[in-house]
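Hi,

Here is the structure I promised to pass on to you. Have a look at it first, and then read on for what turned up.

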Amino acid sequence: MIQWIFTILFLASPIVTQPVDPKVGVPSVDEQGGVRFESPAQVEAASVAAPSRRGESIGVVTLSESAIVMDASSGAVLFQKDAERQRPIASLSKLLTAQVVLDHLPGWQTQTSLSAEDNFLTGAKLQENVGEPMTVEQLFWTSLIGSANNATSALARSTGLSSDEFREAMNAKAQALGATMAEFFEPTGLDERNRATAQDMARIARAAFLREEILKPASQSAFEFDTLGSKTHHRVQNPNRVFKTFLDVRASKTGFTYEAGYCLASLVRGSEGQEVVVVVLGGESEEERVTDTKALATWAWENYEWRK
């Protein structure tokens, strides 16, 4: 029996500094024309050369409420729109959850299962019975590809941490990554109190996509597995449309709730191998967040130069 998972999509937000049109963000450059580093963590990462500005573009029009482009290698912010406003981030929370799980990993082949409490959660879910054995790895991939909330909840529990301990670990991890305005209350993103700025979310996404264990599932369009007990076959589908564009997307995570709007965090590679993290938060539609991501990545390639 093949069971399909369709995801609810979730994402994050950015800050406007000077634009005449509130939909237009501005490049992040200092008075001397250099790239601005937004946090001590980014300054430390600046041992990797940041890209340099070229051209006279004042920015790019985006429809999402917040947006940011960050150089993946140096952590330098290349563009931002309303990137310092704290917003709900929905399932983008799962990018931090995955990092905390890796920090407390019980073993990829450790057996676990869904609880009644897990299956009571709303939104995207793995259609599986309570108590059916699966591996931690299967739940990890299901969480990142299918954004399944029950799988994510079970995954967090598999670490052996209590709910309070896992929440504390999430917030400690966010602070360590320089996401100082981020707040987390649970691992799935269903709680609208899970909030962050676009800058925070870019730092969290950058750190997540640097880890191969996250990068690999976050780049897949689907994932298939059989449970360990009844051998039920599942196909977990990723409906993220950014993978179907002209962009070379190395990894991406969606997010959506009615309060958060349509969010997207992506790692995008340019024609010369340069990579940027693009985060858009508070979009009004799936098409809008994908269109904004394409526009932001293209603007970065056209207006910055990377050293070879």
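To start with a question: over the face of which residue does Arg53 lie, and at what distance from the ring centre? The ring belongs to Tyr304, and Arg53 lies over its face at 5.4 Å from the ring centre. Please keep in mind as you read that this is a predicted model.

Tyr304 has other partners too. Together with Phe79 and Trp299 it belongs to a cluster linked by ring pairs. The count of aromatic pairs comes to eight. A pair of this kind is described by the distance of the ring centres and the angle of the planes, in case you want to look at some of them yourself. There is also a second arginine to look at: Arg193 lies over the face of Phe185, at 4.1 Å from the ring centre.

Now for the overall picture. The chain has nine helices and 15 strands. Of its 308 residues, 57% count as buried. If you take the contacts with a separation of 6 or more, 71% of them are between residues 24 or more positions apart.

One helix is worth a visit, namely α5. Nine of its 10 residues are buried, so α5 is largely enclosed by the rest of the structure. The buried ones are Asn149, Asn150, Ala151, Thr152, Ser153, Ala154, Leu155, Ala156 and Ser158. What do they pack against? Their neighbours are α2 (93-103), β7 (111-112), α3, α4 and α6. After α5 comes Gly160, with a positive phi near 90°.

Helix α5 also has a part in the largest pocket, which has a volume of about 370 Å³. This pocket is lined by 16 residues, and Glu117, Ser153, Ser163, Glu186 and Pro187 lie nearest its centre. The elements that give two or more residues to this lining are α3 (116-120), α5 (149-158) and α6 (163-176). By class, the pocket lining has seven nonpolar, four polar and five charged residues. Ser153 is thus a residue to find on your screen: it is among the buried residues of α5 and among those nearest the pocket centre.

There is an enclosed space as well. The count gives one cavity of 30 Å³ or more, with about 50 Å³ of space in it. Its lining has 10 residues, of which Leu144, Ile145, Asn238, Lys253 and Thr254 lie nearest the centre. Here α4 (136-146) and β12 (248-257) are the elements that give two or more residues to the lining. By class, the cavity lining has two nonpolar, seven polar and one charged residues.

Last, two backbone details. Most residues other than glycine have a negative phi, but Ala90 has a positive one, near 50°. Ala90 is found in the loop between β6 (87-88) and α2. Lys231 is not a glycine either, and its phi is positive at about 60°. You will find Lys231 in the loop between β10 (222-226) and β11 (233-237).

Are these two residues buried or exposed? Ala90 counts as buried because its relative accessibility is 1%, under the 20% cut-off. Lys231 counts as exposed because its relative accessibility is 55%, and the cut-off there is over 50%.

Happy to go through any of this with you.

Best wishes

Terms used. Residues numbered from 1 in each chain as written. Predicted model: local features only at pLDDT ≥ 70, side-chain atom pairs only at ≥ 80, totals over all residues. Heavy atoms only, no water. Phe/Tyr/Trp six-rings, centres within 6.5 Å; stacked < 30°, edge-to-face > 60°. Lys NZ or Arg CZ within 6 Å of the ring centre and 35° of its normal. 1 Å grid on protein atoms, 1.4 Å probe; cavity = no way out; pocket = protein on both sides within 12 Å on 5 of 7 lines; lining within 4 Å. Points joined across faces, edges and corners; volume = space filled by probe spheres on them. Helix = DSSP H or I, 4+ residues; strand = E, 2+ residues; numbered from the N terminus. Nonpolar A, V, L, I, M, F, W, Y, C, P; charged D, E, K, R; others polar. Buried < 20%, exposed > 50% of the residue type's maximum accessible area, 1.4 Å probe, protein only. Contact = heavy atoms within 4.5 Å.
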